There are 2 protein chains.
Amino acid sequence: MNISEVARRSGVAASALRFYEERGLIQSERAGSGHRRFPREVLRRIAFIVFAQRVGLSLEEIGAELKKLPPDRAPTGRDWSRLSATWTSRIDERISELERLKAGLTTCIGCGCLSLDRCALSNPNDRAAKLGPGPRYWMGDRPPKRAGQG
Amino acid sequence: MNISEVARRSGVAASALRFYEERGLIQSERAGSGHRRFPREVLRRIAFIVFAQRVGLSLEEIGAELKKLPPDRAPTGRDWSRLSATWTSRIDERISELERLKAGLTTCIGCGCLSLDRCALSNPNDRAAKLGPGPRYWMGDRPPKRAGQG
DNA sequence: CTACAAGTTCAAGTGAGCTTGAAGTCAAGG
DNA sequence: CCTTGACTTCAAGCTCACTTGAACTTGTAG
């Protein structure tokens, strides 16, 4: 398959495909002319990339996941599902954050206590202030020191 | 309150506060020296901004929400809770998308049907349509206009 | 053969949400 | 007086995930 066919079938722009290849997320061979030739399996990889992005993984993380696939043979369904473990937990984290926020909407904003220095949900000084500027503990930034997610 | 105190109490960097003011999200008066003087209520607005960001609203959208507050008097709890209606539904949308993705992980990747032109979950047309360039907002770009998805 | 569509590389641009740096102002302390 | 430090503005830089444009080569139809 040439790049425009892959683009058409995947819904991902050709420029994005070149970008992914540059980043090592997908591979291609070259025809004598220098044009890219993609194997059919690339569609599966691209699908994985798109899924994982929706879940919230960065391209770098996705690349790291894809490197866990066997290099010597076509990945099986089992290979793919092993990768999914990562993002299942990611999804759960996100959902619980959203549910915390949703709860905060009624208890915190609804009751009118929405104020950064008093509202328990929205950041007591006792926690966030210690962490200095930048990380907002209450927002779901992990307490210890992990750098922010996008 | 001067800018550094607001920054300290809110956990939002002074540079970000100036940026928000430039964007019209918050306001300040000026001391004779030209230094910003913030009223206490600004902390409430900032809390709202930070909450809304985590929910996935852009600063532009947040600005639009904030403009719905009464300009002539300090907003009441009721004023704030009216605004929250928007993002409550936003949160629900996002949660349900995540749950769809999570389900897709087992049914779609697990079963090996992961292929963009057949799997409804990956929804190529929707992506190809409008989500084009730019950042994919943290976890889920707000879909511009929804078509039902898997 | 000529057109022209489609491929190539590489560099620069985009947009959101800021941060950083340069250059300057102002108040307080020694 | 000088220094320090917090403030100001304005411009430029940063990250991420791409897109766009320039300049060029290949493939194919007529």
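**Close-up views of chains A and B and DNA strand D**

**View 1. The fold of chain A.** Read along the sequence, chain A runs α-α-β-β-α-α-α-α. This is a predicted model. The secondary structure amounts to 6 helices and 2 strands in chain A. Chain A has 150 residues, and 32% of them are buried. Of the chain A contacts with a separation of 6 or more, 38% join residues 24 or more positions apart.

**View 2. Residues around DNA strand D.** The surface near DNA strand D draws on both chains. Of the 22 residues around the strand, five come nearest: Ser15(A), Ser33(A), Ser58(A), Ser4(B) and Arg36(B). By type, the residues of this surface divide into 10 polar, 8 nonpolar and 4 charged.

**View 3. Helices at DNA strand D.** Three helices each supply at least two residues of the surface near DNA strand D. Chain A provides helix H2 (14–22) and helix H4 (59–66), and chain B provides helix H1 (3–10). H2(A) gives the most, with 3 residues.

**View 4. Packing of helix H1 in chain B.** Helix H1 (3–10) of chain B, one of the helices at DNA strand D, also has a buried side. Its buried residues are Val6(B), Ala7(B), Arg9(B) and Ser10(B). An α-helix has 3.6 residues a turn, so residues three or four places apart point the same way. The buried residues of H1(B) pack against helix H2 (14–22) and helix H3 (42–55) of chain B. After H1(B) comes Gly11(B), with a positive phi near 80°.

Key. Residues are numbered from 1 along each chain as its sequence is written. Chains are lettered from A and ligands numbered from 1 in the order in which they are written. This is a predicted model: local features need pLDDT of at least 70, side-chain atom pairs count only at pLDDT 80 or more; totals for chains, interfaces and linings use all residues. A residue is near a molecule or strand if its C-beta atom, placed from the backbone, lies within 6 Å of it. Helices (H or I, at least four residues) and strands (E, at least two) are DSSP runs, numbered from the N terminus. Ala, Val, Leu, Ile, Met, Phe, Trp, Tyr, Cys and Pro count as nonpolar, Asp, Glu, Lys and Arg as charged, and the others, Gly among them, as polar. A residue is buried if 20 or more other C-beta atoms lie within 10 Å of its own, exposed if 12 or fewer, and partly exposed in between; C-beta atoms are placed from the backbone. Two residues are in contact if their C-beta atoms, placed from the backbone, lie within 7 Å.
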